[in-house]
2 protein chains.
Amino acid sequence: MSGRTRIIINDVEYSADDAVVSAFDRGLQFGDGLFETMPVRDGNALLAEQHYERLKKGCLSLGIEMGSSFDAIGRAAARIQGGTATGVLKIIVTRGRSGRGYAFDGELSPTWMVSLSEYPNWPAAYAQQGVNVRVCKTPASRNCALAGIKHLNRLENVLARAELAADEQEGLLVDEFGHVIEGSMSNLFAVGDGVLVTPDLTHSGVCGIMRGVLLETAAGLSITTQVRQMPADELAHWDELFLCNSLIGVWPIKQIKHVEKYKKRTVTRKLQQAIREAKIFMVDV
Amino acid sequence: MSGRTRIIINDVEYSADDAVVSAFDRGLQFGDGLFETMPVRDGNALLAEQHYERLKKGCLSLGIEMGSSFDAIGRAAARIQGGTATGVLKIIVTRGRSGRGYAFDGELSPTWMVSLSEYPNWPAAYAQQGVNVRVCKTPASRNCALAGIKHLNRLENVLARAELAADEQEGLLVDEFGHVIEGSMSNLFAVGDGVLVTPDLTHSGVCGIMRGVLLETAAGLSITTQVRQMPADELAHWDELFLCNSLIGVWPIKQIKHVEKYKKRTVTRKLQQAIREAKIFMVDV
């Protein structure tokens, strides 16, 4: 991390180089935890309420008892993001430190950390002209107990990301049945005959906050929306395709595997305009 | 961890309370790494060669470049286990520390740690009379790129383990197609009509070292072996069922969900005797 990263771990602030956790933390030992990432603009974390809500739901799913830690995280975030022009706020929560095995008892005290790092310097062209995408060989994992929540078991995302060529900005993960699930760091939307479609995430993937916002925004704009299975071999048939997350906002997909396609942008542009006007996104594109 | 745990991280020895890694280590951030666990007896890690071999294969799968770190790990293990009567040696390797996103470059320097903790005090009855097992609700994840290797994305094991009642020693994970895959910390074997069967792990689960040893041992004893899909709804039909891993050796299954069954132990006892005689397991049961 850059030297400008600030981090607070369980109420203690560290410089990036000094920030440490126990080697026996279950976050490291088993990926036993959750995280959230959100943009900060003028000292405010955008869509923070939704991110905290998902974090709470994730803790419930995994049985991580946070006690008063959510309040402490909120205070730490306020302290670290205060007066910041732009940045990325990342929260990690783990079940805490325990003995060697998978078992844990109710006495564990969770580990939490809140860090602020620089907002990535993505070219404006990604949101304007769109990005190049590959369909990754790394499959999306299927597990209905882990789908949806933003847990720390992210090897499939790491491996998918590592497949990208230098001129590709994102890779799509497909499950073993050939359904497109998501991008390595984003959710996918498609538009066909004016209907906005995004993959069903019952068995795989992360339910992104921006994905939820866009589904709601589209409904408010009287755009018909569908959450359903999206076969990868039908990707070429859509009128528009775009990616989203809380940090990138909406990126139109320009081409997949070097095949230029998706030139229509009608719904994509409407949604980009809507999140810009609602001030729930970072960059005024 | 108990105060008797010793740990060496990247060549530096720590007490358990002082052992730390960077909060930006990818092991914590994404579960981006691997581990091995093996018993130590009279200063020797048992089946160490096979464990190191699997670790190397895992590093290849994940693209973690260890350089000379394997040698350093071997030296650290020798130092920490030397003269130890009994214990558990655990090795963790991560891709190292990086910036916030999933991307990484070839410049990362891996983090490794070698720890020695107490050998668990399991009752001898588990290996002799057998254990009680439950079929867990937490499903086994399906992902052919991650199946087999012992990576740090272990949330399904944590959640499955948390389902166990006080009188249950292990839980079985079943995939979404109803195939039994493994125990939360062990591999599963079944015997029917004298044939030894263990689940196919192409899409899910960890290829345990003891599983491999038992398959080889059984072949040497002219017991027919099969690696294939095992439907969970056929569990009641087997003559014998047992669990294995490097730490527990072989535990017969006595009952599943409080239904006493599996009283035959012919093949199970043969294999227990074989690993005892080969001195590749810990306890002389």
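By what turn, and with what RMSD, can chain A be laid on chain B? A turn of 180 degrees with a shift of 0.0 Å along the axis lays chain A on chain B with an RMSD of 0.0 Å, where the copies are superposed by least squares on the C-alpha atoms of residues with pLDDT of at least 70 in both. The two copies are therefore related as by a two-fold rotation axis. The same surface serves both copies, since 100% of the contact residues of chain A recur in chain B, contact meaning heavy atoms within 4.5 Å.

This is a predicted model, in which local features need pLDDT of at least 70 and side-chain atom pairs count only at pLDDT 80 or more, while totals for chains, interfaces and linings use all residues. Residues are numbered from 1 along each chain as its sequence is written, chains are lettered from A and ligands numbered from 1 in the order in which they are written, and side-chain values use heavy atoms, with hydrogens and water left out.

Within chain A, helix H6 (residues 209–220) and helix H7 (residues 266–277) have axes that come within 10 Å and cross at roughly 105 degrees; helices are DSSP runs of H or I of at least four residues, numbered from the N terminus, and axes are lines fitted to C-alpha atoms over the stretch in contact, with angles from 0 to 180 degrees between N-to-C directions. H6(A) is thus roughly perpendicular to H7(A), a term for angles of 65 to 115 degrees. Met210(A), Val213(A), Leu214(A), Thr217(A) and Ala218(A) of H6(A) make the contact with Leu271(A), Ala274(A) and Ile275(A) of H7(A). By class, this contact has seven nonpolar, one polar and no charged residues, where Ala, Val, Leu, Ile, Met, Phe, Trp, Tyr, Cys and Pro count as nonpolar, Asp, Glu, Lys and Arg as charged, and the others, Gly among them, as polar.

In chain B, H6(B) and H7(B) pack at an angle of about 105 degrees with their axes 10 Å apart, and are therefore roughly perpendicular to each other.

Turning to enclosed space, the model has six cavities of 30 Å³ or more, a cavity being a set of points on a 1 Å grid over the protein atoms alone where a 1.4 Å probe fits but cannot get out. The largest cavity holds about 300 Å³, its volume being the space filled by probe spheres set on the points, which are joined across faces, edges and corners. Its lining (residues with an atom within 4 Å of a point) comprises 27 residues, of which Ser141(A), Glu156(A), Ser141(B), Leu146(B) and Glu156(B) lie nearest the centre.

Terms used
1 Å grid on protein atoms, 1.4 Å probe; cavity = no way out; pocket = protein on both sides within 12 Å on 5 of 7 lines; lining within 4 Å. Helix = DSSP H or I, 4+ residues; strand = E, 2+ residues; numbered from the N terminus. Parallel < 35°, antiparallel > 145°, perpendicular 65-115°, else oblique.
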